[in-house]
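Open the model in your viewer and keep the sequence panel visible. The stops below go from the whole chain to single strands and then to one residue in a helix.

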Amino acid sequence: MKKVAVIGIGHVGSTVAYTLVSRRVCDELVLLDENEALAIAEMHDLKTGQVGHGGDVTITANDESQLSDCDLIIFSAGDISILQHSSDRFAELAYTKQVAAQWGPKIKAANFKGILLSITNPCDVITQYLQKLTGLPQARVFGTGTTLDTARMQNAVADALQIAPNAVTGYVLGEHGNSQFVAWSSVQVASQALTKQFTPEQLAQFETDARQGAWAVISGKGYTSFGIANQAAICANAILQNTHEILPVSNYDQQAGCYLGHPAMVGSDGILKDYQLQLTASETELMTTSIKKIKDMYATI
């Protein structure tokens, strides 16, 4: 029996919850939000949404005592609509660090021993803060990181080549934010490096297209939900089913001294192994810049 709690049932949290239920990723789901009426409403809606679909996920709400025996907590508390008025992750941090400070001690007090997956932005900074607040091992606390950004890059390349996005392999690295970058030296299609097929200008356009796609979502609907919920569910499945999938999650990099998005093997014990890509000189410089941005943000907490 796999048990998951989702903390923060806003646009993102509710979509994550629906995705987990519709894919039967877990057997039990606990919904927690400071707005208790909202959590209860989503619980009833999700229960009804299972009818006729072989629904068998047990769903409860507003019972923090259930955190103690959860296999996974997905932390999605925050207010993504802040990005409607600013593209800077600092704007989110002022609010979300307070939310993390509210829930981190509760998770610790519950004697939670499972895996903590954070979606809340700025993802890398809040993930590191939650690890400090909960006292959980670094390997058992990680964020969705650049999984969503990597998916957007895959879409941009796939659209240009008229192929399936999953046929594009490679990663977006660093901050889940403005300093992220595509490690083009590692991006391939059918084992062929894109750097040998496209000019630097064309690759830059792919990256621009991916970024514009992200902001088109936020500017049009005020938030993102489906894309990040999909990535959270992929991470959750890797944890609960111990798939050893390699994903560009935000995990602690010992060399960098902070959390940042880079490939890691994910399983039931959390981060099983992380991978350091062989970057070009220019990519190494971009990584250094991104690490500094993450550390500068964390220093303000």
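What follows is a tour of a predicted model, with a selection to make at each stop.

**Whole chain**

Start with the protein chain in cartoon view, where eight helices and 16 strands are found. Turn on a bounding box along the principal axes: the C-alpha atoms fill roughly 55 × 45 × 40 Å. The radius of gyration is 19 Å, which agrees with the value near 19 Å for a compact globule because the chain has 301 residues.

Switch to a surface. The protein chain exposes about 13,000 Å², and 50% of this comes from carbon and sulfur atoms. Of the 301 residues, 52% count as buried. Next, colour by charge: there are 20 positive and 29 negative charges, and their mean positions are 4 Å apart. If you draw a contact map and keep contacts between residues at least 6 apart in sequence, 68% of these join residues at least 24 apart.

**Strands 1, 2 and 3**

Strands of a sheet pair through backbone hydrogen bonds, either parallel or antiparallel. Select residues 3–7, which form strand 1, together with strand 2; the two pair in the parallel sense over five bridges. Within this pair, K3 stands opposite E28 of strand 2.

Now keep strand 2 alone, residues 28–32. How many of its five residues are buried? Four are, and the strand is mostly covered.

Add residues 58–61, strand 3. Strand 2 pairs with strand 3 over four bridges, in the parallel sense. Pick V30 to find its bridge partner in strand 3, T60. Strand 3 has two faces to compare: I59 and A61 are on the covered one, whereas T58 and T60 are on the uncovered one.

**The hairpin of strands 13 and 14**

Select residues 250–253 for strand 13 and add strand 14; four bridges join them in the antiparallel sense. D253 stands opposite C258 in strand 14. Four residues lie between the strands of this hairpin, and G257 takes a positive phi near 80°.

Then show the side chains of strand 14, residues 258–261. C258 and L260 point one way, Y259 and G261 point the other way, and all are buried.

**The open sheet 7-10-11**

The next selection is an open sheet of three strands in the order 7-10-11, with antiparallel pairing. Which strands stand at the edges? Strand 7 (168–169) and strand 11 (192–193) do; each has a single partner strand, so one side of each is left without a neighbour in the sheet. Zoom in on strand 10, residues 188–189, which is joined to strand 11 by two bridges and runs antiparallel to it. Q188 in this selection has A193 of strand 11 as its bridge partner.

**Q231 in helix 7**

End at residues 226–240, helix 7, and pick Q231. Is Q231 buried or exposed? Q231 is buried because its relative accessible area is 10%, and the cut-off for buried is under 20%. Setting aside neighbours within four places in sequence, the residues in contact with Q231 are T147, L148 and A151. As a last step, draw a distance from the C-alpha atom of Q231 to that of I218: the two residues are 13 apart along the chain, and these atoms are separated by 17 Å.

Note on methods: Residues are numbered from 1 along each chain as its sequence is written. This is a predicted model: local features need pLDDT of at least 70, side-chain atom pairs count only at pLDDT 80 or more; totals for chains, interfaces and linings use all residues. Side-chain values use heavy atoms; hydrogens and water are left out. Buried means under 20% relative accessible area, exposed over 50%, partly exposed in between (1.4 Å probe, protein chains only). Contact means heavy atoms within 4.5 Å. The radius of gyration is taken over C-alpha atoms; the globule rule is 2.2 Å times the number of residues to the power 0.38. Accessible areas come from the Shrake-Rupley method with a 1.4 Å probe; for residues, only the protein chains shown count as cover. Lys and Arg count as positive and Asp and Glu as negative; His and the chain ends are not counted. The place of a charge is taken as NZ of Lys, CZ of Arg, CG of Asp or CD of Glu. Two strands pair if DSSP finds at least two bridges between them.
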